[in-house]
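Visitor: I have a structure to look at and would like to understand how its parts fit together. Could you take me through it?

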Amino acid sequence: MRIEKITSPFLEENAYVISAEGSSEALIIDPGVSTHDRIAQYLDSESLHATTVLLTHGHADHIWDSAAFSLPVRIAKPDLYRLENPLAQLPFPLAGNALWNKPEDIQFHSSSTEYYADGLPILMIPAPGHTEGSVVLLTEIPAGDRLIANFAIAGNTGETLTESRPLALTGDVIFAGSVGRTDLPGGDEVQMRHTLRTLSNALDPRTWMLPGHGPATVWNNEIENNPYIIRAQRVG
């Protein structure tokens, strides 16, 4: 599997491009402000073509360049309204004279495993709390695949996997050592605690987590050390 992380200058949001080994198809996840050109350059350099844009939620820093690819854009239905005017939901202005372009082909995440690109099974897990429609996108790197990434994932970049490995794109639900804030419109601290407790019970502890901000992490590390998840397990 190939994974490319492109970090936006706006709030240092992480966009990702993922593709299965041996496939020319790719998925784009959360293309934030000023990420389009670098994503396009990466796709061209690797002879890849993107098939779909997947959004983990509807905040402006995660969706801003989604229309620029002229691809289907998938989002969870509860966050659909955020695509109308994401600037109105920011607690501060976006620098410059930014104009929002709403994607033309908007679709909803499926509740079953889907192959939006060849060799990439994607399972959407509802994860409200940061926003009403936040999701975690779960896939798997098969045993025998070589992981090629431009950032560190638990020291395994460049190695061939001896066993399959779950991989989760967590948006702003889970960060290394923290979680997404719940004090913005649509956030809910109680829902976030429920989400974190559900994920701690449902996800394989070996899952590699790719967050919307900051470095990658491993789910087991977060279960053991992330104070928000520890509290969610205790309080519920």
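The questions and answers below go through the sheets, a helix and some side-chain contacts.

Visitor: What kind of model is this, and in what order do the strands of the open sheet of 7 strands stand?

Guide: This is a predicted model. The open sheet of 7 strands has mixed pairing. Its strand order is 6-5-4-3-2-1-10.

Visitor: Which strands stand at the edges of that sheet?

Guide: An edge strand has a single partner strand, so one of its sides is left without a neighbour in the sheet. The two strands in that position are strand 6 and strand 10 (148–149).

Visitor: In which sense do strand 3 and strand 4 pair?

Guide: Strand 3 covers residues 25–29, and strand 4 covers residues 49–54. The two are joined over 5 bridges, with Ile28 opposite Val53 in strand 4. Their sense is parallel.

Visitor: What is the hand of the β-α-β crossover between these strands?

Guide: The chain leaves strand 3, passes through helix 1 (residues 36–45) and arrives at strand 4. The crossover formed in this way is right-handed.

Visitor: Which residue of strand 3 is the bridge partner of Val17?

Guide: Strand 2 (residues 14–19) runs antiparallel to strand 3, and 3 bridges join them. Ile28 of strand 3 stands opposite Val53 in strand 4. On the strand 2 side, the bridge partner of Val17 is Ile28.

Visitor: How many of the residues of strand 4 are buried?

Guide: Strand 4 also runs parallel to strand 5, joined to it by 2 bridges, and Leu54 stands opposite Arg74 there. Strand 4 is mostly covered, and its count of buried residues is 5 of 6.

Visitor: What is the strand order of the open sheet of 6 strands?

Guide: The pairing in this sheet is mixed. Strand 7 (114–117) and strand 15 (217–218) each have a single partner strand, so they stand at the edges. The order is 7-8-9-11-14-15.

Visitor: Which residue takes a positive phi in the hairpin of strand 7 and strand 8?

Guide: Strand 7 and strand 8 (residues 120–126) run antiparallel with 3 bridges, and Glu114 stands opposite Ile122 in strand 8. The hairpin has 2 residues between the strands. The residue with a positive phi, near 80 degrees, is Gly119.

Visitor: Within what arc do the buried residues of helix 3 fall?

Guide: Helix 3 has 14 residues (189–202), which should span 20 Å at 1.5 Å a residue, and its end C-alpha atoms are 20 Å apart, which agrees. Its buried residues are Met192, Arg193, Thr195, Leu196, Leu199 and Ser200. Seen down the axis, they line one face of the helix, because they fall within an arc of 160 degrees.

Visitor: Which residues are exposed on the other side of helix 3?

Guide: The buried residues of helix 3 include Met192 and Leu196. Exposed on the other side are Asn201 and Ala202.

Visitor: How are the rings of Trp64 and Trp100 arranged?

Guide: The structure holds 2 aromatic pairs. In the pair of Trp64 and Trp100, the ring centres are 5.3 Å apart. The planes stand at 45 degrees, so the pair is tilted.

Visitor: Are Trp64 and Trp100 buried or exposed?

Guide: The two lie 36 residues apart in the chain, so the pair links distant parts of it. The limit for buried is under 20% relative accessible area. Trp64 is at 11% and Trp100 is at 16%, so Trp64 is buried and Trp100 is buried.

Key
Residues numbered from 1 in each chain as written. Predicted model: local features only at pLDDT ≥ 70, side-chain atom pairs only at ≥ 80, totals over all residues. Heavy atoms only, no water. Phe/Tyr/Trp six-rings, centres within 6.5 Å; stacked < 30°, edge-to-face > 60°. Helix = DSSP H or I, 4+ residues; strand = E, 2+ residues; numbered from the N terminus. Buried < 20%, exposed > 50% of the residue type's maximum accessible area, 1.4 Å probe, protein only. Pairing = 2+ DSSP bridges. Right-handed = clockwise from strand over helix to strand, strands pointing away. Expected span 1.5 Å × (residues − 1). Arc of directions from axis to C-beta.
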